Amino acid sequence: MIIFRYLAREVLASMFAVSLVLLMIIISARFVNYLAEAAAGKLDAGVLLTLMAYRLPAYLELILPLGLFIGILFAYGRLYLDSEMTVLHACGMSQRRLVAFTTASSFVVALVVGLFSLYLGPEGVRASESLLAEQRSRTDFETLKPARFHNLDNGTGTSYAESISDDKKQLRHVFMAKVSPIEPSLDLTSARQSEVDLAVVTAASGETVIDPESGRKYLLLKEGRRYIGTPGDVDYRIVAFSNYSQLLPEPDYAVKPKRFTDGLTTRKLLDESSPEAWAALQWRFSMPVLVMVVGFLAVPLSRTQPRQGRYAKMLPAVVLYMIYLVCVNAARGVIEEGEQPFPGILWLVHGVFFTFGLILLAEKRFIFRRSAKVVGCGK
């Protein structure tokens, strides 16, 4: 048990460090995109951390298997370079027992990944989609900052409010201006073809209201004036009003399309009969299996000679992992299209890489026995 605890501590500590680095890289990249959307007024800055928290389980679902794989390579690679693994083998630590110890550690990680893939991940995706849908329902006027000019309608207009209530519904001392091209006349020589109409609205206050019949949002301005004309001319039309309603434009913010099955619970996927649901269900159940397989693959791949260096096999091992993940993704795509050549193609991929791990393990075991006999450690 002492050896098992030592190996498990080394593996899990390395996995935690690698997973933390990978998580920070992915979160930073995603957070930068969210910040850019918030700066453009497409997202409320106050929901960014909440969005990242919702997406965290889905990120960890993919990060932890890679973190375990690299963690085993780091931990066991160091033990081989420091000759600790050689000492363990000389004291009766067989390759089979090393695989068993590694499998036990991988099983714990597989349980955590299974929790993320089967429950927490879909819950987080559904919560983030709901939050993003709420953000999409916002209009340009709900992203305004007090005492600042803001572009409206893709730069064709501007708005200003001296102060805004906390719920973003009450505006005070409102200024709005919008330009629109004048309809060309039949006379092609008319100079007014290139001119524009300017509409300026000032109001003492304003608020957003929702039409109960259509559900559309309107900006209701009160106690103000509306100026319409062409810049450079003097024939402006001035209209004083007590109430003036203006339809608010639909926001142009859209979320990148995702699989609709990502936000469905595992129970709902079991009730669905579509190929997409079946593929998503197999993907979720296969993620813990992937953890077990990569943990098994890492044992023979981590064996290094002292003169090879700690990172000699790191690049080939990571390439092998990426090929494995690409094959699993491709198998899922085949299932989603409903054109799989035979049932269980996703599990066939796991079986192929597990068999490859057995081949590597048998080869390394044979090489180790030969080297042990040469130095006189074998019987």
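Let's start at helix α7, whose 24 residues should span 34 Å at 1.5 Å a residue; its end C-alpha atoms lie 35 Å apart, which agrees. The expected span used here is 1.5 Å times one less than the number of residues in the helix. Helices (H or I, at least four residues) and strands (E, at least two) are DSSP runs, numbered from the N terminus. What you have in front of you is a predicted model, in which local features need pLDDT of at least 70 and side-chain atom pairs count only at pLDDT 80 or more, while totals for chains, interfaces and linings use all residues. Residues are numbered from 1 along each chain as its sequence is written, and side-chain values use heavy atoms, with hydrogens and water left out.

Staying with α7 for a moment, its buried residues include Met314, Leu320, Tyr324, Val328 and Ile335. Buried means under 20% relative accessible area, exposed means over 50%, and partly exposed lies in between (1.4 Å probe, protein chains only). Polar and charged residues appear in this buried set too, among them Arg332 and Glu336. Just after the helix, glycine 338 takes a positive phi of about 70°.

Now step back to the whole chain. The protein chain has eight helices and six strands, and along the sequence they follow the pattern α-α-α-α-β-β-β-β-β-β-α-α-α-α. Of its 379 residues, 40% count as buried. Contacts (heavy atoms within 4.5 Å) reach well along the sequence: among those with a separation of 6 or more, 64% join residues 24 or more positions apart.

Much of the helical part meets in a nonpolar core, a set of buried Ala, Val, Leu, Ile, Met, Phe, Trp, Tyr and Cys residues joined through side-chain atoms within 4.5 Å. The largest such core has 67 residues, and Leu7, Phe69, Tyr76, Leu98 and Tyr324 touch the most other members. Helices α1 (2-39), α2 (48-81), α3 (84-90), α4 (95-136), α6, α7 (314-337) and α8 each supply at least two residues of this core. The largest share, 18 residues, comes from α2. In soluble globular proteins, nonpolar side chains tend to be buried together. Tyrosine 324 of α7 shows what membership looks like up close: leaving aside residues up to four places away in sequence, tyrosine 324 touches Leu290, Val293, Val294, Val349, His350 and Phe353. There is also a second, separate core of 10 residues, which includes Leu171, Val174, Val201 and Leu221.

Two of the contributing helices deserve a closer look. In α2, 26 of the 34 residues are buried, so this helix is largely enclosed by the rest of the structure. Helix α2 bends by about 40° at leucine 56, with proline 57 following within four residues; the bend is the angle between axes fitted to the seven residues ending at a residue and the seven starting there. After α2 comes serine 83, with a positive phi near 65°. Helix α1 has 38 residues and reaches 54 Å from its first C-alpha to its last, close to the 56 Å expected at 1.5 Å a residue. Its buried residues include Leu7, Val11, Val18, Arg30 and Tyr34. The charged end of arginine 30 sits over the ring of tyrosine 34, 4.4 Å from its centre (the criterion is NZ of Lys or CZ of Arg within 6 Å of the ring centre and within 35 degrees of the ring normal).

Rings also meet rings: a search of the whole structure finds five aromatic pairs. Rings of Phe, Tyr and Trp (its six-membered ring) pair if their centres lie within 6.5 Å; planes under 30 degrees apart count as stacked, over 60 as edge-to-face and the rest as tilted. Phenylalanine 296 and phenylalanine 354 form a tilted pair, 4.9 Å centre to centre with 35° between the planes. Phenylalanine 296 lies in helix α6 (residues 275-301) and phenylalanine 354 in helix α8 (residues 345-374), so the pair ties together parts 58 residues apart in sequence. Phenylalanine 296 is buried at 10% relative accessible area, whereas phenylalanine 354 is partly exposed at 36%.

Finally, visit the strands. Leucine 152, in strand β1 (residues 150-152), is buried at 8% relative accessibility. Histidine 173, in strand β3 (residues 170-181), has a positive phi near 55° and is partly exposed at 47%. Glutamate 223, in strand β5 (residues 217-229), also has a positive phi, about 55°, although it is not a glycine, and is exposed at 54%.
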